[in-house]
Amino acid sequence: MNSLSKKIQNRIAHYAVRLNKYQIFSNRLRMAVYRQIVGMRIGRDTMIWAGNKINDPSRLVIGDNCIVGPSNVFLSRGGVEIGNNVNVSGYSFFISQQHDLQGGDFLKTTHGEIKIKDRVWVATNLSLIHISE
């Protein structure tokens, strides 16, 4: 895929995620938009509630039989992978990117993957960050 078509696809995904946040109340329709238009990798029998913010949908992977509650924030440029049979309650932060603490100007961003294993319950108002070395 060339650079221009990738940029266009990313822009369409960006607006589709925003539209889903506010306008699409049907869970079935929302999941179809996430899978078919945005291109998110989402397992079967998984439901993502409305109101979630995702800055890079291509780097968020969700397994089978999962529920993602409302109003979570996924800063997923470093990658966020959620296993099977996971319940993610609402209002949590998943931060896979951060400022480089060793950099002098604090402008460089580092990335690292967040992996949530199978059969996990992520509680409300939790913040998960990647571990940097």
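**Exercise 1. Determine which backbone atom the side chain of Gln97 reaches, and at what distance.**

Solution. In this predicted model, the side chain of Gln97 comes to 3.3 Å from the backbone nitrogen of Arg77. A further polar contact, of 3.4 Å, links the side chain of Gln97 to that of Asn55.

**Exercise 2. Place Gln97 in the chain and decide whether Gln97 is buried or exposed.**

Solution. The first step is to locate the residue: Gln97 belongs to strand S10, which covers residues 97-99. The second step is to examine accessibility. Gln97 has a relative accessibility of 14%, and buried means under 20%; therefore Gln97 counts as buried. The third step is to list the surroundings. Neighbours within four places in sequence being set aside, Gln97 is in contact with Asn55, Leu75, Ser76, Arg77, Thr109, Thr110, His111 and His130. Two of these names, Asn55 and Arg77, already appeared in the polar contacts of Exercise 1.

**Exercise 3. Describe where Asp118 is found and which residues Asp118 touches.**

Solution. Asp118 sits in the loop that runs between strand S12 (114-116) and strand S13 (121-122). Its relative accessibility is 45%. Partly exposed residues fall between the limits of 20% and 50%, so Asp118 counts as partly exposed. When residues up to four places away in sequence are not counted, Asp118 touches Gly83, Asn84 and Val86. With Asn84 there is a polar approach: a polar atom of the Asp118 side chain lies 2.7 Å from the backbone nitrogen of Asn84. As for Ala13, this residue is 105 residues from Asp118 along the chain, and the two C-alpha atoms are separated by 27 Å.

**Exercise 4. Establish how many helices and strands the protein chain has, and why the chain is described as being as compact as a globular protein of its length.**

Solution. The protein chain contains two helices and 14 strands. Its radius of gyration is 15 Å, close to the 14 Å that the globule rule gives for 133 residues, so the chain is as compact as a globular protein of that length. Along the principal axes, the C-alpha atoms fill a box of roughly 45 × 40 × 25 Å.

**Exercise 5. State what share of the residues is buried and how the surface and charges are made up.**

Solution. Of the 133 residues in the protein chain, 36% are buried. The accessible surface amounts to about 8,300 Å², and carbon and sulfur atoms account for 55% of this area. The chain carries 17 positive and 9 negative charges, whose mean positions are 9 Å apart.

Methods: Residues are numbered from 1 along each chain as its sequence is written. This is a predicted model: local features need pLDDT of at least 70, side-chain atom pairs count only at pLDDT 80 or more; totals for chains, interfaces and linings use all residues. Side-chain values use heavy atoms; hydrogens and water are left out. Helices (H or I, at least four residues) and strands (E, at least two) are DSSP runs, numbered from the N terminus. The radius of gyration is taken over C-alpha atoms; the globule rule is 2.2 Å times the number of residues to the power 0.38. Buried means under 20% relative accessible area, exposed over 50%, partly exposed in between (1.4 Å probe, protein chains only). Accessible areas come from the Shrake-Rupley method with a 1.4 Å probe; for residues, only the protein chains shown count as cover. Lys and Arg count as positive and Asp and Glu as negative; His and the chain ends are not counted. The place of a charge is taken as NZ of Lys, CZ of Arg, CG of Asp or CD of Glu. A polar contact is a pair of N or O atoms within 3.5 Å; within protein, one must be able to donate a hydrogen and the other to accept it, and residues adjacent in sequence count only if both atoms are side-chain atoms. Contact means heavy atoms within 4.5 Å.
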